[in-house]
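Reader: I've got the sequence and the model up on my screen. Can you walk me through it, one question at a time?

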Amino acid sequence: MREQAWQRFRSSGRRSGRRRALPAAVAVAVGVMTMGALAPPAASAAARPHTVQRGMDALVHTDGVPAVLASVKDRDGRARSYTAGVGDLATGAKVPRDGQVRIGSNTKTFTAVVVLQLVGEGKIGLDAPVDTYLRRLVRGDGIDGRHITVRELLQHTSGLPNYSKYLSDDIRYYDPRELLDLALQHKADFAPGTNWAYSNTNYLVAGLIVQKVTGRPLAEEIDQRVIKRIGLRHTYFPVPGEETIRERHPRGYYQDSAGAPLVDATEWDPSWAWAAGQMVSTNSDLNRFFTALLAGRLLPRAQLDQMRTTVPASYPFPAGARYGLGFVSTPLSCGEVYWGHGGSMTGYETRGGVTEDGRAANVAVTMQPSQAVKEHMDGVVDTALCR
């Protein structure tokens, strides 16, 4: 997710008990690859690289990320996909064009859309207290669901502590209520509505509200109300216990610290992220999703306007970013802004969004990068949207 995703995924290659240890050949191949150690692929002297491609190549050759994938759509609807690097460090396989990746906190926007659809249907009140739907469930030190609104959940102004800071080392299935209980063991960050702080717990509670109101699993609501509605063919919410990525994808890697070996972190249980970050998609599907959302194809105008009502945001977003209701505006060097979210998940990072006139760009790398590399990714997005 956009803040540090689960740093407890250790470089020992720890996995759930159902998964085999890394084969020796893979362990050796991964173990010798560290930041900055990737050899550049042979380049064609006949072709001058596109500016987006040059930025992606730099992420591989200079910043040392294993692979980069990008999809860009111009204002006329012409789309192009790009790749750089190696899709599998153990085998040297190519990066699959527009392959699936874990999209982390982009999931929050999907969750927010479903909540706001239910607001438009009169089933949820945006300024209603959490206790209206989850009676007596949200209680703790400085925490009271009677005084936290649905809007404050979606905008990260509730003060709820971030449960992901307190997860154990266990790589296993987590039930959403277990995660909420973990958060509620800790004191509120601030009184509701008095500050802004990014917390996955907000979207955990929002997902529980969706399930309570609809009587259906959140994953089914997202699938029916968003994925199928706009034809996202390569996007899904993993089912409980699903550890693999279903379609063509680059391997994702984890690095415990700068200079440490890269360890394959592609297959593991992502349930700790649930409504805040569990989904899988492609860059082109994310472009389609954010384009449809900004164009009003997923929400009535009243709810979309609420979603785009923003407050200043800080870490983990770039300078100048503003947070709406699961929707983020980020300034561009050409004087405009783009709307999206971005996401960080063990093994993958995605950045990007769409502009008012229909341009779209999403970029993914196959590890969780440093802050400097995230800024370089933002630069590729800026180049794609401002060119």
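**Contacts, burial and charge**

Author: Let's start with the fold as a whole: among contacts in the protein chain between residues at least 6 apart in sequence, 71% join residues at least 24 apart. Keep in mind that this is a predicted model.

Reader: How many helices and strands are there in the protein chain?

Author: Both kinds of element turn up here. Going along the protein chain, you'd count eleven helices and 15 strands.

Reader: What share of the residues in the protein chain is buried?

Author: Buried here means under 20% relative accessible area. The protein chain has 387 residues, and the buried ones make up 59%.

Reader: And how much area does the protein chain expose?

Author: Carbon and sulfur atoms supply 50% of the exposed area. The total exposed by the protein chain is about 15,000 Å².

Reader: Is Ile-227 buried or exposed?

Author: Ile-227 is found in helix α7, which covers residues 218-227. The relative accessible area of Ile-227 is 4%. The cut-off for burial is under 20%, so with 4% Ile-227 is buried.

Reader: Which residue that Ile-227 touches is 117 residues apart from it in sequence?

Author: Leaving out residues up to four places away in sequence, Ile-227 touches Ile-222, Leu-232, Thr-235, Tyr-236, Met-279 and one more. That partner has its C-alpha 9.0 Å from the C-alpha of Ile-227, though the two are 117 residues apart in sequence. The residue is Phe-110.

Reader: Where is Pro-238, and is it buried or exposed?

Author: Pro-238 is found in the loop between α7 and β6. Its relative accessibility is 4%. Since buried means under 20%, Pro-238 counts as buried.

Reader: What is the C-alpha distance between Pro-238 and Met-279?

Author: Apart from neighbours within four places in sequence, Pro-238 is in contact with Arg-246, Pro-270, Gln-278, Met-279 and Val-280. Met-279 is also touched by Ile-227. Pro-238 and Met-279 are 41 residues apart in sequence, yet their C-alpha atoms are separated by 6.4 Å.

Reader: Arg-233 lies in that loop too. Is it buried or exposed?

Author: Arg-233 sits in the loop between α7 and β6 (253-255). On the surface, Arg-233 gathers with Arg-229, Arg-288 and Arg-297 in a patch of positive charge. Exposed means over 50% relative accessible area, so at 70% Arg-233 counts as exposed.

Reader: How many salt bridges does the structure hold?

Author: Some of them form a network, which links Glu-121, Lys-123, Arg-216, Glu-220, Glu-221 and Arg-225. The count for the structure is 24.

Reader: What is the N to O distance in the salt bridge of Asp-223 and Lys-228?

Author: Asp-223 is partly exposed, with a relative accessible area of 22%. Lys-228 counts as exposed at 52%. Their side chains meet in a salt bridge, and the N to O distance is 2.4 Å.

Reader: Are Arg-78 and Asp-76 buried or exposed?

Author: The side chains of Arg-78 and Asp-76 meet in a salt bridge at 3.3 Å, N to O. Arg-78 has a relative accessible area of 55%, and Asp-76 has 56%. The cut-off is over 50%, so Arg-78 is exposed and Asp-76 also counts as exposed.

Reader: What about Asp-170 and Arg-172: what is the distance in their salt bridge?

Author: Asp-170 counts as partly exposed at 32% relative accessibility. Arg-172 is partly exposed too, at 30%. Their side chains meet with an N to O distance of 3.6 Å.

Definitions and conventions. Residues numbered from 1 in each chain as written. Predicted model: local features only at pLDDT ≥ 70, side-chain atom pairs only at ≥ 80, totals over all residues. Heavy atoms only, no water. Helix = DSSP H or I, 4+ residues; strand = E, 2+ residues; numbered from the N terminus. Buried < 20%, exposed > 50% of the residue type's maximum accessible area, 1.4 Å probe, protein only. Contact = heavy atoms within 4.5 Å. Patch = residues over 30% accessible without salt bridge, like charges linked within 9 Å, V, L, I, M, F, W, Y side chains within 5 Å. Areas by Shrake-Rupley, 256 points an atom, 1.4 Å probe, with all protein chains shown as cover. Salt bridge = Lys/Arg side-chain N within 4 Å of Asp/Glu carboxyl O. Lys, Arg positive; Asp, Glu negative; His and termini not counted. Charge placed at Lys NZ, Arg CZ, Asp CG, Glu CD.
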